Amino acid sequence: MSQEPDSRQSPPPQPPKIRPPRILPPVGCLLALGLIWGLHRLLPYGPTFLDHPAAETITRGLAVLGLALTISGIGLFHRAGTGIKPFSEARHLVTGGPYRLTRNPMYLGMVLILLGAFVKSGTLAGLLVPIAFALWIDRAYIRREEAFLEQHLGAPYLAYKDRVRRWL
């Protein structure tokens, strides 16, 4: 018995799905806030920013700016009908609003919130947390998301990537 070759064309191969890390960025940000608080309780050493009159203004400014970047990024994704959760379906490239200045306003917003918490804590050890969070986000999410978007959006994303910085 001979089999004839199947005349139907098979669909083009799909790029492999990228699995996000187990901890999503908002959860990581909340854990980092808890870590800043814990470090302040365990290692209350370093400059005390709380005694400076500008500390409260700086804290609030960083928190408000961070929340504004994060919320506006989410809103723009929602209006564009594209996935907000990392590595979800990328239907459209969002380039307006804060995305004109940074490719990652939501992540930048979380880092700013953590910097505000560091200033509020007044504990020098707390500065390690926003730095570690930014490195984690960059390695675990941003670089992988960039590869994902290159696969799914192609040339338009590459052009956007060439003209807008990763962070600022």
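Visitor: Which residue forms a salt bridge with Arg60, the closest N and O atoms being 3.6 Å apart?

Guide: This is a predicted model, in which local features need pLDDT of at least 70 and side-chain atom pairs count only at pLDDT 80 or more, while totals for chains, interfaces and linings use all residues. Residues are numbered from 1 along each chain as its sequence is written, and side-chain values use heavy atoms, with hydrogens and water left out. A salt bridge here is a side-chain nitrogen of Lys or Arg within 4 Å of a carboxyl oxygen of Asp or Glu. By that rule, the partner of Arg60 is Glu56.

Visitor: In which helix do Arg60 and Glu56 both lie?

Guide: Helices are DSSP runs (H or I, at least four residues), numbered from the N terminus. Arg60 and Glu56 are four residues apart, about one turn of the helix, and both lie in H2.

Visitor: Are H2 and H3 roughly parallel or antiparallel to each other?

Guide: The axes, lines fitted to C-alpha atoms over the stretch in contact, have angles from 0 to 180 degrees between N-to-C directions. Those of H2 (residues 55–80) and H3 (residues 105–121) come within 7 Å and cross at roughly 160°. Angles over 145 degrees count as roughly antiparallel, so H2 and H3 are roughly antiparallel.

Visitor: What span should the 26 residues of helix H4 have?

Guide: The expected span is 1.5 Å times one less than the number of residues. The end C-alpha atoms of H4 (residues 128–153) are 35 Å apart, which agrees with the expected 38 Å.

Visitor: Where is the kink in H4 centred?

Guide: The bend at a residue is the angle between axes fitted to the seven residues ending there and the seven starting there. In H4 the kink is about 40°, and its centre is Asp138.

How values were computed:
Helix = DSSP H or I, 4+ residues; strand = E, 2+ residues; numbered from the N terminus. Parallel < 35°, antiparallel > 145°, perpendicular 65-115°, else oblique.
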